[in-house]
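User: Please take a close look at the salt bridges in this model and at their surroundings, and then add any backbone features worth noting. How many salt bridges does a search of the whole structure find?

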Amino acid sequence: MTHSASLKQQGDGTVDARATRYPGVAALLVLVLLASMGLSLSLGSFPTPLGRVLDALVEPRASDIAFIVWELRLPRILLAVLVGAALAVAGAILQGIVRNPLASPDVIGITSGAALAAVAFMASFGAGLSLHWLPASALLGALLSALLVFLLAWQRGIAPSRMVLVGIGLSAAMGAMTTLLIVVSDDAAAMTAYVWLTGSLYAAQWQDVLGMLPWLLIAIPLCLTRARHMDAMALGDHVALGLGVNVLRSRLLLMACSVALAGVAVAFAGGLSFVGLIAPHIAARLVGRGFARLVPIAALVGALIVLYADLLGRVAFLPEDLPAGIFVSGVGAPFFVYLLHRTRHRRY
């Protein structure tokens, strides 16, 4: 039996039939995403027929709604897609690394570290420095948070349960520090930080899309180069070592990709919670846990989650524009409780 074939099998030796559904599922999700983007382009405080939206996309100079489509809605929609994909892939990587279904950037503290660093930047330097440095500060916070989780969880190796528990505690501590920073900031900075922490795509611009896109174009293909290594590590470190995988190198590279994706998502969209937890589980139900299949499907699912959360925030309570994070958390929190209940009776 070849190495690649063996990794497609389940614990009882049978081949996962969901793997054969991957092309169809991927094509369907792409079509749903494109249709959802078209729907989101046509809805808002000024609803427009889809035909006029298409005309504005094709011939913006001849359309009287070109500004609404090109400058207000399209950057926001594209940023929602990129943020959702980044958080979903970051969550899929973490769940594979620690072999725990509860692992995600927000649960183990990476998102909280990025948020703390970003809020500290806004409170201390936002008035004096360009906000173009905000992604760098968020990425630095995510990296430091991830290193701290690893250091505190290390005890002759890293047990998945210990890493999750340390991450939850660290996330709570950093959340308290973030709240303290908001309290001691001036009113304008505090209000901006509070809305940003909830997770909002309000006033997204093309520079945000262009600033975030390179991170995904680098990090996602890079993590896919370690897909077979991740599948091997899912069988256990000893099995992976026996198959010739450099476990430490692969784990560090994958962790760096996860931290980068989570950090840049927080930098451009704020503290969107639970996307990295929900999307990989939905993707696994659709195509199984083969990493090369899981990552693209999780990215598409995550993009849809954030896109529809932002759409609800824009149109459900007009004229108010609510943060997308409210709707994601409304679904994610019960899902997290469900996973906690399920893991009591089932080994990951």
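Analyst: Helices and strands are taken here as DSSP runs, helices being H or I over at least four residues and strands E over at least two, with numbering from the N terminus. The model is a predicted one, in which local features need pLDDT of at least 70 and side-chain atom pairs count only at pLDDT 80 or more, while totals for chains, interfaces and linings use all residues. Residues are numbered from 1 along each chain as its sequence is written, and side-chain values use heavy atoms, with hydrogens and water left out.

The search of the whole structure finds four salt bridges, each defined as a side-chain nitrogen of Lys or Arg within 4 Å of a carboxyl oxygen of Asp or Glu. Arg 76, Asp 310, Arg 314 and Asp 321 are linked in a network of such contacts.

Within the network, Arg 76 pairs with Asp 310, and their closest N and O atoms are 2.9 Å apart. Arg 76 belongs to helix α4 and Asp 310 to helix α14, so this pair ties together parts 234 residues apart in sequence. Both Arg 76 and Asp 310 are buried, a word that stands for under 20% relative accessible area, whereas exposed stands for over 50% and partly exposed for values in between (1.4 Å probe, protein chains only). For Arg 76 the relative accessibility is 7%.

Arg 76 also meets the side chain of Asp 321 in a salt bridge, at 2.9 Å from N to O. This pair links distant parts of the chain, 245 residues apart, with Arg 76 in helix α4 and Asp 321 in the loop between α14 and α15 (324-343). Asp 321 is partly exposed, with a relative accessible area of 31%.

Helix α14 itself covers residues 291-315, and its 25 residues should span 36 Å at 1.5 Å a residue, which agrees with the 36 Å between its end C-alpha atoms; the expected span is 1.5 Å times one less than the number of residues. Because 19 of its 25 residues are buried, α14 is largely enclosed by the rest of the structure.

The loop after α14 holds a further feature: a cis peptide bond, with omega about 5 degrees, joins Leu 318 and Pro 319. Pro 319 is in the loop between α14 and α15.

Another salt bridge brings together Asp 64 and Arg 52, at 2.7 Å from N to O. Arg 52 lies in helix α3 (50-58) and Asp 64 in the loop between α3 and α4 (66-98), so the pair ties together parts that are 12 residues apart in sequence. Asp 64 is exposed, its relative accessible area being 67%, while Arg 52, at 31%, counts as partly exposed.

Two residues stand out for their backbone angles. Ala 203, in the loop between α8 (187-198) and α9 (206-224), has a positive phi of about 60 degrees although it is not a glycine. Phe 274 likewise has a positive phi, near 75 degrees, and lies in the loop between α12 (247-269) and α13 (275-287). Ala 203 is partly exposed at 48% relative accessibility, whereas Phe 274 is buried, with a relative accessible area of 15%. For context, most residues other than glycine have a negative phi, and most peptide bonds are trans.
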